[in-house]
Amino acid sequence: MNLLADKKIKRSQEPMASAATPDLDPGSQTAEAADRYMSRGSGPVARARTQVAAGLKPAAGLPDLKPMFEVQDLNLYYSKFQALKHINLTIPAHQVTAFIGPSGCGKSTLLRCFNRMNDLLEEVRIDGRILMDGRDLRGPQTDVVELRTKVGMVFQQPNPFPMSIFDNVAYGLRCQGIKDRVYLRQVVETSLKKAALYDEVKDELDKNATKLSGGQQQRLCIARAIALQPQVILMDEPTSALDPIATLKIEELMNDLKKEYTIVIVTHSMQQAARISDKTAFFLLGEVVEFDDTVTMFNNPSDKRTEDYISGRFG
Amino acid sequence: MNKSRRLKDGILNGLTWLSTAVAVAVLLLVFIFMFRRGWSDLSWDLITTDYWPQNLNVAFRQGEAGAYTAPADLAAGDSFSTLYGFALRDATDTKKAKTLIITYVDPDSPLESAYITTAGSQQGLNQAIHEDASVQMLYYQDEDGQQVLAGLLAGDDAASLVQKLDTGSVSIQSMYYQTAGGGIRGSILATLLLIGLTLVIVLPIGILAAVYLNEVAGRNRLTALLRQAIETLNGVPSIIFGLSGVVMLFPVTQLFGASGQSILLGALTMAVILLPVVIRQTEEALIVVPQSLRMGSLALGATRSQTIFKVVLPNALPGILTATLLSVSRVIGESAALIYTMSTVVTDNPKILQPATSLAVQIWQIMSSEQPDFKLASAVSLIILMMVLLLNLTVKLITRRLSRRWA
Ligand SMILES: Nc1ncnc2c1ncn2[C@@H]1O[C@H](COP(=O)(O)OP(=O)(O)OP(=O)(O)O)[C@@H](O)[C@H]1O
Ligand SMILES: [Mg+2]
């Protein structure tokens with residue numbers, strides 16, 4: 001939960017991880033987790049742990065653990081209402097960080113701070129700092145438009161533009177003034193491939209994106225964000241409007257994507273958080289109650305409220 | 001259901017049915033009436049010819065006599081020239097003077113090969129002589145090679161002129177005649193010019209103003225006030241705009257070199273009248289563009305103006321097209337505001353900086369002249385109706401296309 005402690009844990013795991021072959025590492029982690037789960041009974045969390053055990057849980061101890069965002073004593077007010085209270089946490093680079101917590105506790109609000117989408121709302125007041133690469137996100141030297149190309153966002157409802165698939169993916173680059181057809185084509189292709197959508201749409205890039213299925217649309221939105229080669233992808237409940245199969249596809253995708261990108265995801269599904277994330281932050285009433293490795297958090301949460309929430313006793 | 005409830009229900013249903021029937025019947029009657037009165041006067045010539053009669057001197061490229069047969073439907077009193085293939089009729093013009101009217105021209109007749117010999121810019125141009133032209137005089141060549149004068153000036157009536165031509169001539173040389181006139185080509189052109197100019201002025205301003213109100217400015221007191229003001233303007237009768245246009249907009253047209261009423265002044269006035277309509281329609285179209293699209297665009301590092309022009313406006317296009325259609329219909333139908341600003345003088349060659357009439361004003365002018373011609377007015381009305389209909393269909397089609405592309 002505490003920033004330093006957290007780093008220490010990660011660091012201590014690192015040599016181990018590099019010693020073991022990467023393929024074996026998740027296995028040992030998840031087997032251990034599964035054992036602990038077995039001794040604790042069933043329920044949603046238990047099911048989540050089964051999935052952890054099934055090997056979907058990504059490898060811990062990836063080489064790059066430098067912080068992507070450092071949130072320092074952040075407070076956010078919607079006119080009088082304080083939506084975020086003294087938030088302190090560090091989002092590690094090249095990891096999947098999940099935000100969980102009951103509705104209205106400020107997960108989306110914090111997420112929107114990372115690409116400054118809150119700027120668009122009127123009567124929002126923020127104090128505290130968010131550092132990205134050591135630079136204050138809200139400082140005068142940060143260009144919002146440029147920031148949003150580095151920090152992409154995928155929304156709860158798929159929101160493709162009503163234009164062709166190609167134009168959707170090329171949108172961000174074209175906004176930067178890039179017109180070179182060949183280059184655009186290449187980026188569109190690689191982005192769609194990375195978003196695991198290319199094979200489904202490669203023959204109809206001119207088709208209207210709104211004609212795709214919901215799951216395809218969401219992957220298109222991911223491709224659209226990837227096309228800008230961002231450092232971070234923020235996802236606000238990206239699978240809540242999708243069926244289980246589409247959800248699975250997106251989850252698998254995230255597992256691939258974290259090699260290149262830092263992912264922060266808001267989710268209401270404990271299983272999803274357990275399956276895909278490396279770190280989890282539990283929010284309650286505008287505060288971060290607990291922030292820890294996902295495995296630790298789900299297996300032995302240090303706060304009673306976290307445990308209650310995870311095991312479905314409230315929220 | 002008890003009896004009285006059933007009765008009430010029946011009466012209410014009957015009333016709605018009756019009201020609809022009355023509305024449909026009235027509309028149908030108007031259309032049928034217009035068609036019956038105007039249809040006979042509606043012709044290609046009406047649309048393509050000038051309003052003012054023209055006196056022309058013409059000669060013929062192929063004036064030699066041939067052999068023609070009279071059309072089967074030749075009217076009883078008409079005289080047909082078998083050598084030159086046209087029919088003549090005695091008539092009187094609006095000033096009760098005697099005239100000779102051409103009632104039929106064979107497609108191969110020498111009259112089709114006429115060209116203008118009157119000195120001036122039109123000299124040498126082909127000017128085929130059509131039905132309804134009134135012949136003043138003509139020269140033909142007789143068998144001895146002599147030039148002979150015939151026509152009204154030589155005391156001829158229709159029968160004697162045709163008699164002279166068909167018995168003693170080898171070719172016709174030249175003719176002095178008056179074109180029929182009464183066409184509305186000039187007014188159609190003026191209307192189109194007016195529509196074009198008005199749209200060019202009102203669309204950019206109206207759309208950008210709507211974008212400002214809806215996308216750029218926050219929802220505060222000031223914008224609410226602006227909106228209210230625009231709404232109020234919407235209800236002001238157009239004749240008031242016409243009057244103020246003469247005073248306030250005339251100096252603007254002077255900058256472009258207008259010296260009085262002009263199409264430009266009319267267009268500016270119409271633009272002022274239509275501004276609230278366009279702003280309103282565009283705003284409504286902007287409001288329904290989903291917020292998620294704006295967010296999506298901004299989150300991809302688009303600037304606000306890129307978001308507006310690449311995502312928001314294209315999605316509002318059907319609504320903007322509707323605004324355009326409404327504007328065009330209003331311009332076509334407007335008369336009060338244009339009487340002062342564009343004049344009531346029918347012009348055959350409308351110029352932007354000169355006075356002209358639109359079709360609607362021409363109807364007003366036809367009906368308020370000394371001899372109101374209801375049939376002609378109806379014919380012009382029919383043309384207006386057709387223009388509006390055509391426009392509606394076009395916009396529907398475009399909108400359908402667009403929404404199919406985007407649906
Ligand atoms: N634009 C806004 N204006 C005013 N208050 C807001 C605004 N957006 C969110 N809030 C309030 O801030 C609090 C946090 O909202 P937020 O959307 O971040 O919650 P959340 O954790 O994402 O909830 P959910 O899981 O339902 O999406 C809520 O109480 C909400 O009512
Ligand atoms: Mg939310």
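A residue counts as exposed when its relative accessible area is over 50% and as buried when that value is under 20%, with partly exposed lying in between. In this predicted model, A:Leu285 has a relative accessible area of 62% and is therefore exposed. The points below take up salt bridges, surface patches, an enclosed helix of chain B and several loop residues of chain A, and a search of the whole structure finds 19 salt bridges over all chains.

**Salt bridges**

- B:Asp78 and B:Arg89 form a salt bridge in which the closest N and O atoms are 2.8 Å apart. Because B:Asp78 lies in the loop between strand 1 (55-60) and strand 2 (79-81) of chain B, while B:Arg89 belongs to strand 3 (residues 86-92), the pair ties together parts that are 11 residues apart in sequence.
- The two partners of that bridge can also be described by their accessibility: B:Asp78 is buried, with a relative accessible area of 11%, whereas B:Arg89 is partly exposed at 35%.
- B:Arg280 forms a salt bridge with B:Glu231, with 3.0 Å between the closest N and O atoms. Since B:Arg280 sits in helix 7 (residues 263-287) of chain B and B:Glu231 in helix 5 (residues 221-234) of chain B, this pair ties together parts that are 49 residues apart in sequence.
- B:Arg280 is partly exposed at 33% relative accessible area, and B:Glu231 is partly exposed at 35%; together with B:Glu284, these residues are linked in a network of salt bridges.
- In chain A, A:Arg305 forms a salt bridge with A:Asp303, the closest N and O atoms being 3.2 Å apart, and A:Arg305 counts as partly exposed at 39% relative accessibility.

**Surface patches of chain B**

- A nonpolar surface patch of about 930 Å² is made by residues including B:Leu7, B:Ile11, B:Trp17 and B:Val30. B:Ile11 lies in helix 1 (residues 3-38) of chain B and, at 49% relative accessibility, counts as partly exposed.
- A patch of negative charge on the surface gathers B:Asp45, B:Asp108, B:Glu112, B:Glu131 and B:Asp132. B:Asp132 is found in the loop between strand 5 (114-116) and strand 6 (134-142) of chain B, and its relative accessibility of 48% makes it partly exposed.

**An enclosed helix of chain B**

- Helix 12 (residues 359-368) of chain B has seven of its 10 residues buried, so it is largely enclosed by the rest of the structure; among the buried residues are B:Leu359, B:Val361, B:Gln362 and B:Ile366.

**Loop residues of chain A**

- A:Leu285, the exposed residue introduced above, lies in the loop between strand 9 (279-284) and strand 10 (287-293) of chain A, and its phi is near 50 degrees, a positive value in a residue other than glycine.
- A:Arg116 is not a glycine either, and has a positive phi of about 55 degrees; it is found in the loop between helix 4 (107-114) and strand 4 (124-132) of chain A, where it counts as buried at 13% relative accessibility.
- A:Asn208 is placed in the loop between helix 8 (198-201) and helix 9 (214-226) of chain A and is buried at 6% relative accessibility, while its side chain is joined to that of A:Thr210 by a polar contact of 2.8 Å.
- A:Leu205 lies in the loop between helix 8 and helix 9 of chain A and is buried at 9% relative accessibility; A:Leu205 and A:Ser164 are 41 residues apart in sequence but 6.6 Å apart in space, C-alpha to C-alpha.

Notes
Residues numbered from 1 in each chain as written. Chains lettered and ligands numbered in written order. Predicted model: local features only at pLDDT ≥ 70, side-chain atom pairs only at ≥ 80, totals over all residues. Heavy atoms only, no water. Patch = residues over 30% accessible without salt bridge, like charges linked within 9 Å, V, L, I, M, F, W, Y side chains within 5 Å. Areas by Shrake-Rupley, 256 points an atom, 1.4 Å probe, with all protein chains shown as cover. Salt bridge = Lys/Arg side-chain N within 4 Å of Asp/Glu carboxyl O. Lys, Arg positive; Asp, Glu negative; His and termini not counted. Charge placed at Lys NZ, Arg CZ, Asp CG, Glu CD. Helix = DSSP H or I, 4+ residues; strand = E, 2+ residues; numbered from the N terminus. Buried < 20%, exposed > 50% of the residue type's maximum accessible area, 1.4 Å probe, protein only. Polar contact = N/O pair within 3.5 Å; in protein donor to acceptor, adjacent residues only side chain to side chain.
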